[in-house]
Amino acid sequence: MADKKAPTARSLSAGVSLREVSPAERSWEEKTLEPTLKKSPDRNSDFTTVSSYPIRRLYTQADLAGWNPDRDLGAPGAPPYTRGIHATMYRDRLWTMRQFAGFGSADDTNRRFRYLLSQGQTGLSVAFDLPTLMGYDSDHPLAEGEVGRCGVAISSLADMEALFDQIPLADVTTSMTINSPAAPIWAMYLAVAEKQGADWQKISGTLQNDILKEYIAQKEYIYPPEPSMRMVTDTIEFGAKHTPKFNPISISGYHIREAGSTAIQELAFTLRDGIEYVDHCLRRGMGVDDFAPRLSFFFNAHNDFFEEIAKYRAARRIWYRVMRERFGATNPRSWALRFHTQTAGCSLTAQQPYNNVVRTAVQALAAVLGGTQSLHTNSLDEAWALPTEAAATIALRTQQIIAHESGVTNTADPLGGSYFVETLTNEVERGAWDYIERIDALGGMVAAIERGFPQREIADAAYRYQVAVDQKQKIVVGVNDYVIDGKPIETLKIDGTVGDRQSDRLRKLRADRSNAEVERRLNSLRHAAAGTENLMPHLIEAVKAYATLGEICSALRQPFGVYQEVAIT
Amino acid sequence: MPDKKIRVLIAKPGLDGHDRGAKVIARALRDAGMEVIYTGLRQTPEMIASAAIQEDVDVIGLSILSGAHNTICTRLMELLRAKGMTDVTVLIGGIIPEADIAGLKKSGIAEIFLPGTTTQAIVDFIRERVAVT
């Protein structure tokens, strides 16, 4: 299965050539293994991960020749952070259970948020609808049929106020999955916090704000890379000064993986995106240790248990080296890669949906054994629709069972020192470095994106996977094997009147606010956008006058232009 | 004319940018010997209908995951009828609730392929359908 040209295969053969087997292992091969294979050969000629990465029959000490546990493994909470970023990991504090939610209107989602908090969820995570993600108001013609369907519709500060009604922003942490319009949405959140009397210096949460992976994978972009990177840099710079506990960016591999990448590609492209953001902040004149401690990451948890665990461990080790060696960071908080994990939406099957509970549990366990800081577990019905309350509750309970019943939280990095896990961590790391070096050679990630490099690598991997599933080289239970005719499950229905209700709200908003003031503040935003100053203060002023998201994004389209991708198929 | 290639327009309507499925299908149909035109993202029904006419395609394949299928498909089928393109086969691949399938088929959608469909099943369906029409 493995493409001989892929860097993964090269790394592996390099690893194998170093393998020197001990006399005891040689004797086992001759006396035990060979007779066994003669009697009952392996059921497949190749064993590979879900990413088609080759896995050998057995891993022993011989696979770790040259591996130095003091240098390469270290201790939890200490460089190179392979074993996790906290000395005591989950003995001190469990990960944040953060279930992504959002549908319909701000009122609808506010009710779901308050329900989830009442059920023991420890952080909020906002899913926005597609018009909001693309910077359109709910009453824009292109929003027709899409308002409130894939998330909550937020067109103005008034919607944001309703979204967090009776939820004190001083006490909860909020993650917001928004990218192209991240800066204006964050401005709305900061304005709500201010109105509630919450101190910006103390509020905490995460803005996804990762535009590079939008060009690479999820494709929710508005503006071209250059002005988009400027806005990301503006938010990081503003956050470093005014919201020191807020993560202004969550550098995301999740969507890269969902688009069909391998685990190594997910890791490599995400970390190389991280390097690109750091480069931009340094060019802005910021000191690396002034912002790097607040950079956060977001990875996928896919089906292949050990490959995922190796990926998280390798991520920390690579980022440590990047921060220390490439950027000269001296603050240990800059060296430690903190990350959120979401189980793999693309692994959920529409067929026999209850099986998804099991898939999600296995994936979540990998994230925890990999040392995640926060986790979203998908609901069993999400191959069909946004989750019902009942399905979302099981997903949250899955995390609680891992946390409180499985025992895996009792010790830090329980898999540390496993021949297989350490070898796979080394190999995944090497594969990722290969990609990072290739992207460096292309002139960085923006240049690589413009040439379609990561997009093509992902499309190739996605197609290879589909062929493997179609040919049953990879079994997907309930889809290409163990198939039965099942009954459809109950799914969440989105109230069809959300679009109309949102349009009414917007009409009223535009009638009640001072339109002259809105125009004045939008003009000042346009003017600032044409220059080089930080846009955050202008955005905050604009949203406070109830300028809508669509008006703000449209005002920025004039100086910034719009992005058209070259589609790669 | 056995050497005439089947022409397929793969379109991604609506605001959603998740194009993994559209791209995989485009490549699979191309590997099966069809002529595939991929529209790229965020196509309105108007853009899809005029691309279908311009490219003179036998098949339009829509990839929709966002829940906006009823709005999009109703409009597209109206436009195709208005432009006299009644012989084009329109297919949907993506996430479509069971409850909406009958309505979509009634509006003229030839088939709806749900998650888990093999690319071969889609290739076979298109070959059979285009041979008949």
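# Definitions put to work

Me: Which residue just after α4(A) takes a positive phi, and of about what value?
Reply: A:G120 does, just after α4(A), with a phi of about 100°. The model is predicted: local features need pLDDT of at least 70 and side-chain atom pairs pLDDT 80 or more, while totals for chains, interfaces and linings use all residues. Residues are numbered from 1 along each chain as its sequence is written, with chains lettered from A and ligands numbered from 1 in the order in which they are written.

Me: What makes a stretch such as α4(A) a helix with a number?
Reply: Helices are DSSP runs of H or I with at least four residues, strands are runs of E with at least two, and both are numbered from the N terminus. Helix α4 of chain A has 13 residues, 106–118.

Me: How do you know that the length of α4(A) fits a helix?
Reply: The expected span is 1.5 Å times one less than the number of residues. For α4(A) that gives 18 Å, and the end C-alpha atoms are 18 Å apart, which agrees.

Me: Which residues of α4(A) are called buried, and what is the test?
Reply: A residue is buried if 20 or more other C-beta atoms (placed from the backbone) lie within 10 Å of its own, exposed if 12 or fewer, and partly exposed in between. In α4(A), A:A106, A:D108, A:T109, A:R112, A:F113 and A:L116 are buried. Their arc, taken from the directions from helix axis to C-beta atoms, is within 155°, so they line one face of the helix. Their cover includes β1 (96–101), β2 (123–127) and α6 (157–163) of chain A.

Me: How does α3(B) fare on its expected span?
Reply: Its 14 residues should span 20 Å, and its end C-alpha atoms are 20 Å apart, which agrees. The buried residues are B:H69, B:I72, B:C73, B:L76, B:M77 and B:L80. They cover an arc of only 120°, which puts them on the same side of α3(B). Elements covering them include α2 (45–55) and β3 (59–64) of chain B. Just after α3(B), B:G84 has a positive phi of about 75°.

Me: Why is β1(B) called largely enclosed?
Reply: Four of its five residues (7–11) are buried, so the rest of the structure largely encloses this strand.

Me: What makes β1(B) and β2(B) a pair?
Reply: Pairing needs at least two DSSP bridges between strands. β1(B) and β2(B) (residues 35–38) have four and run parallel. One bridge joins B:L9 to B:I37.

Me: Why do β5(A) and β6(A) count as edges?
Reply: The open sheet in chain A has nine strands, ordered β5-β4-β3-β2-β1-β9-β8-β7-β6, with parallel pairing. β5 (246–247) and β6 (249–252) each have a single partner strand, so one side of each lacks a neighbour in the sheet. Within the sheet, β7(A) (295–301) and β8(A) (339–343) pair over five bridges. A:A301 has A:T343 as its bridge partner.

Me: What makes up the contact between chains A and B?
Reply: Residues are in contact if their C-beta atoms, placed from the backbone, lie within 7 Å. Chain B gives 29 residues and chain A 31. On the chain B side, α1(B) gives the most, with five residues.

Me: How confident is the predictor in chain A, by pLDDT?
Reply: pLDDT is its confidence in each residue, from 0 to 100. Chain A averages 94, with 97% of residues at 70 or more. Over residues 1–16 of chain A, however, pLDDT is below 50. Chain B averages 93. For the complex, ipTM is 0.93 and pTM 0.94.

Terms used:
Two residues are in contact if their C-beta atoms, placed from the backbone, lie within 7 Å.
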